[in-house]
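Grab a pencil and have a look at the molecule below. Try each task yourself before you read its solution.

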Amino acid sequence: MQTLFIIAGVAIGVAVIVFMSALLEGLQGNFVRRVLTASPHIQLLPPKETVRVLHPTDTAPDAALHADRLQAPLQRLKSIDQWQAVLAQLRAMPDVRDASPIVSGSTLILRGSTSRSLSVQGVENESYERIVNLSEKIVQGRSRLGATDVLIGTELAADLGVSVGDKLNISAATGASNTFQIAGILDLGNKGANQRAGYLALHSAQSLLGYPGGVTSIEVTVRDVYAAERIAQRITARTGVQADSWIKTNAQFFSAVQSQQTANTAIRFFVGLSVAFGIASVLVVSVVQRSKEIGILRAMGISRAQIMRVFLIQGGVLGLGGAALGSLIGAVALQLWLHYVRNADGTPMFVVSLTPSLILSALGLASLTGLLAALAPALRAARLDPVVAIRG
């Protein structure tokens, strides 16, 4: 009966660990995917203009301390120097998955008496699809970017009263303008982005925005999204180009993700601690109840190491058996949660998967916890004096 109770206790603890770990990992992955679904992991930008000295002939030692002798420069958009070589370096790095050149700028759409601002991004369609999958966001038309094609958001299309196949006149601040045909309408998952975002072919945007042969940024995805800041620093050191990771630009969100990871670790620790105390308490009672049997075994020639192994094996088996049952309970609980907790349209709230690594880690952690919990009772059993134990 004691064995059944302790296995049940271990099983409940492991089920909580498995269920909560899978749920929190799925929730965290869903948050990260939502943040990165329409943005790169790392963005390379040209260096900013430096502060200029208005009176370079002033040789006074404290000349740089006077604000009236300094002028903050206008931060103008400019192309990344030798961006083709930088792009080749990026694609050769093992931590980098994909990289794509971008030309961006503000433009104005004129349609009849209506005008709307449009934040244009000129992209190489094939490489940019591996950064942001525009094909998945198409609600009308298709993700095609020829020389005269444009993709716009759903809100902007509704405001202008246009659909696929209609033409738009787009003007830039440089005075250049061109007529583009709507090839597709996108839903970027954000109302603001759907009102102002537009995509052109790279060469078309370079010509319209006044960057012949240049790019204003290079967008990068990496294999490990949580190592993006470290990789960004390495890119800056290697190329000399400013690299901003999503961790740096979304500092508050990343802090929330780390807090969630800390909460998950704390849950595992305290549940594991309660399991350890449960196993240890049962084995201590077992040592007290079986002290005579232990004394007889010792009198028959059983060594202290063998007595210790009996209780260590018992603790490990209790942990492993409870973990196997708990993993099964956790898997069933996850399936029930996925079945009953859904969005209004019937789709799952987010993807939750029970990975083999989570099951193996739960089995290993519970077995190790059982061994460690059995250590103190095993030492006590091994130290029992045979004569005293038999006399009770």
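Here are three short exercises on aromatic rings and surface, all based on a predicted model.

**Exercise 1.** Classify the pair made by the rings of Y128 and Y199: stacked, tilted or edge-to-face?

*Solution.*
- Start with distance: the ring centres are 5.9 Å apart, and rings pair if their centres lie within 6.5 Å.
- Next, the angle: the planes sit at 45°, so this pair is tilted.
- Now find the two residues. Y128 belongs to helix 3 (residues 125-128) and Y199 to strand 10 (residues 197-201), so the pair ties together parts 71 residues apart in sequence.
- Finally, check the surroundings: Y128 and Y199 are both buried.

**Exercise 2.** Now take Y226 and W246, which also form an aromatic pair. Which kind of pair is it, and where do its two residues lie?

*Solution.*
- The centres are 6.4 Å apart and the planes make an angle of 65°. Planes over 60 degrees apart count as edge-to-face, and that's the label for this pair.
- Y226 lies in the loop between strand 11 (217-222) and helix 7 (228-239), while W246 lies in helix 8 (residues 246-249). The two are 20 residues apart.

**Exercise 3.** Sort Y226, W246 and Y340 into buried, partly exposed or exposed.

*Solution.*
- Buried means under 20% relative accessible area, and exposed means over 50%.
- W246 has 2%, so W246 is buried.
- Y226 has 33%, so Y226 is partly exposed.
- Y340 has 64%, so Y340 is exposed.
- One extra step: Y340 is in helix 11 (residues 304-340), and together with L325, L328, I329, V332 and L336 makes a nonpolar surface patch of about 600 Å².

Notes: Residues numbered from 1 in each chain as written. Predicted model: local features only at pLDDT ≥ 70, side-chain atom pairs only at ≥ 80, totals over all residues. Heavy atoms only, no water. Patch = residues over 30% accessible without salt bridge, like charges linked within 9 Å, V, L, I, M, F, W, Y side chains within 5 Å. Areas by Shrake-Rupley, 256 points an atom, 1.4 Å probe, with all protein chains shown as cover. Salt bridge = Lys/Arg side-chain N within 4 Å of Asp/Glu carboxyl O. Helix = DSSP H or I, 4+ residues; strand = E, 2+ residues; numbered from the N terminus. Buried < 20%, exposed > 50% of the residue type's maximum accessible area, 1.4 Å probe, protein only. Phe/Tyr/Trp six-rings, centres within 6.5 Å; stacked < 30°, edge-to-face > 60°.
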